[in-house]
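Visitor: I have a structure open in front of me and would like to learn how to read it. Could you take me through some of its features?

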Amino acid sequence: MDSTEHLAHIRHASDLTTLEQVRVSLLGKKGVITEALKALSALDGDVRKAQGQMLNEQKQLLIAELDARRLELEQRAEHERLGRERLDMSLDAAPWRTGRTHPISAVMQEIHDIFALMGFTVRTGPLIEDDDHNFSALNIPDHHPARQMQDTFYIDAASEDTTYVLRTHTSPVQIRTMRSEQPPIRIIAPGSTFRSDSDVTHTPMFHQVEGLVVDRDIHMGHLKGCISDFLRLFFGKDDVQIRFRPSFFPFTEPSAEIDIGCTRNKDGLIIGGNHDWLEVMGCGMVHPHVLRACGLDPQQVQGFAFGMGVERLAMLKYNIPDLRTFFDSDQHWLHHYGF
Ligand code: DAH
């Protein structure tokens, strides 16, 4: 085999494995060139010298050629690998979803901001309440039919004398505040509340914001002014019609339910006008029994209180048709209604 043939083998090696085989066949221990070099020892002086020189030049040429071909094949392999691993940038990236504020949280914040402007501060209370705070001190005595107004979740606590419940409203925070602070009191108490009730218009957990003002010479006019201002600011309409309808709550006397004027048309419900009325909250003057249960003298101080359902207000303001969707944790829904 002459040099040209060796070179052709090297150049035609189509991959690194084949090239290595060619290298071994030429320069390996038993390779053609290696054997030829070994055979030199059998030759005489000048012939050996000439032959040796020729073989060594040939060997250097082959090594250079092998190196060049290896580099070429390595580059090609790398190129092919990169081709296989290429990212297809033409594909749309997965949509980047940012978090949203749940409408309940957003509305609680809006309610808070408006009352903060009017000088109210926030108080909170435990979700597990005792019978006294949730009922008795609020003038709802044992076995009184008023207890049936609210379907209560009772907590198992067989060893205790006290009955514990999941608070059915935020009104117990009124009691906690009046027992620990002196008038003037001007607070709101936002939070979750619980009732054993579940259908299209009721969920077992829901949210309320309670309000309480206690001071000297507080009267119904303060209540009306405060709530009217709140509702106009909340719905962002100066001309919202507001109606105070006589009602009953054990912890207020007199008591009222507040309706706002609305119009129903083919698109649903619009706040404004007075074709229809929609109930939005309960309120009243704090009952003297309640003041006394908190160690306050009804001759000295009076108060007004109110309680509103956050889901109801959120549904009205943001046109959310179904109450239960608030608690479905549906990302599409949140993306649509969230803030
Ligand atoms: N606690 C009442 C309820 O959950 C709402 C309520 C009505 C709260 C009148 C008040 C009030 O503070 O004065 O149904």
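Guide: We will go through the core, the ligand, the aromatic rings and a few single residues. Please keep in mind that this is a predicted model.

Visitor: Let us begin with the core. Which residues have the most contacts inside the largest nonpolar core?

Guide: The general idea is that in soluble globular proteins, nonpolar side chains tend to be buried together. Here the largest nonpolar core has 42 residues, and Ile 111, Leu 231, Ile 260 and Phe 306 have the most contacts inside it. Two or more residues each come from the helices and strands α5 (103-117), β6 (205-215), α8 (220-235), β8 (252-265), β10 (276-286), β11 (302-309), α10 (310-318) and α11 (331-337). The element that gives the most is α8, with 7 residues. There is also a second, separate core of 20 residues, including Ile 175, Val 214, Val 286 and Ala 305.

Visitor: What is Phe 306 in contact with, apart from its neighbours in sequence?

Guide: Beyond four places in sequence, its contacts include the aromatic residues Phe 115 and Phe 120, along with Ile 188, Val 209, Ile 227 and Met 281. Glu 210 is also one of its contacts, and Glu 210 will come up again among the residues that come nearest the ligand.

Visitor: Then let us turn to the ligand. Which residues come nearest to it?

Guide: There are 16 residues around the ligand, and His 169, Ser 171, Arg 195, Gln 208 and Glu 210 come nearest. For polar contacts, look at pairs of N or O atoms within 3.5 Å. In the side chain of His 169, an N or O atom is 2.9 Å from a nitrogen atom of the ligand. The backbone takes part too: an N or O atom of the Ala 305 backbone is 3.2 Å from a ligand oxygen atom, and a polar backbone atom of Phe 306 is 3.3 Å from an oxygen atom of the ligand.

Visitor: How much of the ligand's accessible area does the protein cover?

Guide: On its own the ligand has 350 Å² of accessible area, and the protein covers 91% of that.

Visitor: Now the rings. How many aromatic pairs does the structure hold?

Guide: There are 12 aromatic pairs. To read one, look at the distance between ring centres and the angle between planes; planes under 30 degrees apart count as stacked, over 60 as edge-to-face and the rest as tilted. Phe 230 and Phe 234 are a stacked pair, 5.6 Å centre to centre with 25 degrees between the planes. Trp 333 and Tyr 337 have ring centres 5.3 Å apart and planes at 50 degrees, so this pair is tilted.

Visitor: Where do these two pairs lie, and are they buried or exposed?

Guide: Phe 230 and Phe 234 are about one helical turn apart because they are 4 residues apart in helix α8, and both are buried. Trp 333 and Tyr 337 are also 4 residues apart, about one turn of helix α11, and both are buried. Phe 230 and Phe 234 belong to an aromatic cluster with Phe 115, Phe 120, Phe 235, Phe 304 and Phe 306.

Visitor: I would like to try a polar side chain. Is His 207 buried or exposed?

Guide: The cut-off for buried is under 20% relative accessible area. His 207 has 12%, so His 207 is buried. His 207 sits in strand β6, and its side chain makes a polar contact of 2.7 Å with the side chain of Glu 311. Among the other residues that His 207 touches are Ile 104, Met 108, Thr 193 and Phe 327.

Visitor: And which residues are partly exposed?

Guide: Ser 25, in helix α2 (residues 16-27), is one of them, with a relative accessible area of 38%. A polar atom of the Ser 25 side chain lies 2.7 Å from the backbone oxygen of Val 22. Farther along the sequence, Ser 25 is in contact with Gly 31 and Val 32. Ile 155, in strand β3 (residues 154-155), is another partly exposed residue, at 31% relative accessibility. Ile 155 touches Ile 128, Tyr 164, Val 165 and Leu 166.

How values were computed:
Residues are numbered from 1 along each chain as its sequence is written. This is a predicted model: local features need pLDDT of at least 70, side-chain atom pairs count only at pLDDT 80 or more; totals for chains, interfaces and linings use all residues. Side-chain values use heavy atoms; hydrogens and water are left out. A nonpolar core is a set of buried Ala, Val, Leu, Ile, Met, Phe, Trp, Tyr and Cys residues joined through side-chain atoms within 4.5 Å. Buried means under 20% relative accessible area, exposed over 50%, partly exposed in between (1.4 Å probe, protein chains only). Contact means heavy atoms within 4.5 Å. A residue is near a molecule or strand if one of its heavy atoms lies within 4 Å of it. A polar contact is a pair of N or O atoms within 3.5 Å; within protein, one must be able to donate a hydrogen and the other to accept it, and residues adjacent in sequence count only if both atoms are side-chain atoms. Accessible areas come from the Shrake-Rupley method with a 1.4 Å probe; for residues, only the protein chains shown count as cover. Rings of Phe, Tyr and Trp (its six-membered ring) pair if their centres lie within 6.5 Å; planes under 30 degrees apart count as stacked, over 60 as edge-to-face and the rest as tilted.
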